[in-house]
Amino acid sequence: MSIATFYLIQPNSEADSEKGFREYICFLIRHFTLQGARLYLHTANQQQAEEWDDFLFGLDEAQFIAHNLVGEGPRQGTSVEIGFSSTNLKYNRNIVINLATDATNFAGIASQVVDFVPCDEKAKHTARERYK
């Protein structure tokens with residue numbers, strides 16, 4: 001069974017902005033990969049996956065995060081793989097950072113799932129329902 005960790009996004013916080021949220025995701029990616037995690041960044045669709053790919057490639061050298069889109073890169077992939085379908089998630093990924101809002105089930109594939117929830121009670125309820 002996977003452990004789900006929910007990060008609440010406080011209104012008007014730095015992470016509540018697009019730029020701040022992206023920076024926070026990068027912080028989490030670095031945090032987990034420095035511990036040896038093999039991470040899957042799950043996006044809502046192909047366009048969002050490609051946007052994250054471009055964003056990570058655009059980081060300066062000191063901040064760069066080695067990554068690849070699903071199906072690209074080396075045979076075993078880098079420590080960070082970006083995709084938009086749980087069917088592409090390989091068993092060699094132990095953490096999923098979920099940026100999508102669908103009801104994708106990662107239980108049994110990844111040991112940990114990280115998700116983000118606005119402080120709004122309805123959004124919290126929706127997130128809980130996704131992981132029941």
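R93 is a buried residue in this predicted model, with a relative accessible area of 2%. The residue nevertheless has a charged partner: R93 forms a salt bridge with E81, and their closest N and O atoms are 3.4 Å apart. R93 belongs to the loop between β4 and β5 (95-98), whereas E81 is part of strand β4, so the pair ties together parts that are twelve residues apart in sequence. E81 counts as buried as well, because its relative accessibility of 5% falls under the 20% limit.

The setting of E81 becomes clearer when strand β4 (residues 80-83) is considered as a whole. In a regular strand, side chains alternate between the two faces of the sheet. In β4, V80 and I82 lie on one side, with E81 and G83 on the other. These four residues are all buried, and both faces of the strand are thus covered.

Strand β4 also has neighbours with which it pairs. Strand β2 (residues 39-42) pairs with β4 in the parallel sense, over four bridges. Within this pairing, L39 stands opposite V80. Strand β3 (residues 68-69) runs parallel to β4 too, and two bridges join them. Here L69 is the residue that stands opposite I82 of β4. V80 and I82, which share one side of β4, therefore face L39 of β2 and L69 of β3 across the strand pairings.

A second salt bridge offers another setting for a charged pair. The count of salt bridges comes to two, and K19 with E23 form one of them, the closest N and O atoms being 2.6 Å apart. Both residues lie in helix α1 (residues 18-34), and because they are four residues apart there, about one helical turn separates them. K19 counts as exposed, at 59% relative accessibility, while E23 is partly exposed, with a relative accessible area of 34%. R93 and E81, by contrast, are buried.

These details belong to a chain of 132 residues, 39% of which are buried. Its secondary structure consists of three helices and six strands, and from the N terminus on, the elements follow the order β-α-β-α-β-β-β-β-α. Among contacts with a separation of 6 or more, 59% are between residues 24 or more positions apart. The chain exposes about 7700 Å², of which carbon and sulfur atoms supply 52%.

Conventions
Residues numbered from 1 in each chain as written. Predicted model: local features only at pLDDT ≥ 70, side-chain atom pairs only at ≥ 80, totals over all residues. Heavy atoms only, no water. Buried < 20%, exposed > 50% of the residue type's maximum accessible area, 1.4 Å probe, protein only. Contact = heavy atoms within 4.5 Å. Areas by Shrake-Rupley, 256 points an atom, 1.4 Å probe, with all protein chains shown as cover. Salt bridge = Lys/Arg side-chain N within 4 Å of Asp/Glu carboxyl O.
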